Amino acid sequence: METAQAPVVAVGPLGDGPVQIACPKCHQTVLSKVDYSSGLLTYLFCGGLFFCGFVLGCCLIPFCVDRLKDAKHTCPTCKTVLGVYKRL
Ligand SMILES: [Zn+2]
């Protein structure tokens with residue numbers, strides 16, 4: 001299983017990685033800071049696994065997988081929330 005992930009720098013719509021974006025508050029072009037939170041899809045995924053993999057503890061896996069989580073972009077300078085990328 002591959003866990004290492006190269007930082008992704010992209011310019012454009014919010015995705016699940018840091019993007020260059022103009023902060024509306026401090027009026028600078030910043031590289032957004034991304035925080036991952038467990039979103040709806042994570043819980044759905046967990047719920048599905050809960051029924052078939054509870055004994056094996058598989059239901060905890062989604063909470064370790066950033067790819068399944070919502071990505072919240074914040075300005076590294078003023079901490080303003082710039083946007084949230086949702087999976088659903
Ligand atoms: Zn800012």
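**A zinc site and its strands**

Serine 32 counts as buried, because its relative accessibility of 4% is under the 20% limit. The model in which this residue sits is predicted, and serine 32 is found in the loop between E3 and E4. Leaving out residues up to four places away in sequence, serine 32 touches Pro18, Val19, Ile21, His73, Thr74, Pro76 and Leu82. Serine 32 also has glutamine 20 at 6.2 Å, C-alpha to C-alpha, with 12 residues separating the two in sequence.

Before going further, the outline of the chain and the confidence in it should be set down. The protein has 88 residues, of which 28% count as buried. Its elements are 1 helix and 6 strands, and from the N terminus on they run β-β-β-β-α-β-β. Among contacts between residues at least 6 apart in sequence, 48% join residues at least 24 apart. The mean pLDDT is 74, and 57% of the residues reach 70 or more. Confidence is lowest in strand E1 (residues 10-11), where the mean is 44, and highest in strand E3 (residues 29-31), where it is 95.

Strand E3 is one half of a hairpin. Its partner is strand E2 (residues 19-22), which runs antiparallel to E3 and is joined to it by 3 bridges. One of the pairs across these strands is alanine 22 in E2 with threonine 29 in E3. Between E2 and E3 lie 6 residues, and histidine 27 in this turn has a positive phi of about 55°.

The chain then passes through the loop that holds serine 32 and reaches a second set of strands. Strands E4, E5 and E6 form an open sheet of 3 strands in the order E4-E5-E6, with antiparallel pairing. Strand E4 (33-37) and strand E6 (81-85) are the edge strands; each has a single partner strand, so one side of each is left without a neighbour in the sheet. Ignoring direction, neighbouring strands of this sheet are turned by 25° against each other on average. Strands of a sheet pair through backbone hydrogen bonds, in a parallel or an antiparallel sense.

Strand E5 has a partner on either hand. With E4 it pairs in the antiparallel sense over 5 bridges, and with E6 in the antiparallel sense over 4 bridges. Histidine 73 shows both pairings: valine 34 stands opposite histidine 73 on the E4 side, and glycine 83 is its bridge partner in E6. E5 is largely enclosed by the rest of the structure, because 4 of its 5 residues are buried. E5 and E6 also form a hairpin with 6 residues between them, and lysine 79 in the turn has a positive phi of about 65°.

Threonine 74 lies in strand E5 (residues 70-74). It is buried, because its relative accessible area of 8% is under 20%. Setting aside neighbours within four places in sequence, threonine 74 is in contact with Ser32, Lys33, Asp35, Lys79, Thr80, Val81 and Leu82. Serine 32, where this account began, is thus on the contact list of threonine 74, and threonine 74 is on that of serine 32.

The zinc ion remains to be placed. Its protein donors are the SG atoms of Cys23, Cys26, Cys75 and Cys78, which lie 2.2 to 2.3 Å from the ion. In sequence these donor residues are spaced C-x2-C-x48-C-x2-C. The 4 donor atoms subtend angles of 101 to 123° around the zinc ion, and the arrangement is tetrahedral because all the angles lie between 85 and 135 degrees.

How buried or exposed are the donors Cys75 and Cys78? Cysteine 75 is buried, with a relative accessible area of 1%. Cysteine 78 is partly exposed, because its relative accessible area of 23% falls between the limits of 20% and 50%.

Conventions: Residues are numbered from 1 along each chain as its sequence is written. This is a predicted model: local features need pLDDT of at least 70, side-chain atom pairs count only at pLDDT 80 or more; totals for chains, interfaces and linings use all residues. Side-chain values use heavy atoms; hydrogens and water are left out. pLDDT is the predictor's confidence in each residue, from 0 to 100. Helices (H or I, at least four residues) and strands (E, at least two) are DSSP runs, numbered from the N terminus. Donors are N, O and S atoms within 2.8 Å of the metal (3.2 Å for Na, K and Ca); water is not among the atoms, so sites may look incomplete. Four donors count as tetrahedral if all angles lie between 85 and 135 degrees; four count as square planar and six as octahedral if opposite donors are over 155 degrees apart and all others between 65 and 115; anything else is irregular. Buried means under 20% relative accessible area, exposed over 50%, partly exposed in between (1.4 Å probe, protein chains only). Contact means heavy atoms within 4.5 Å. Two strands pair if DSSP finds at least two bridges between them. Axes are lines fitted to C-alpha atoms, for helices over the stretch in contact, and angles run from 0 to 180 degrees between N-to-C directions.
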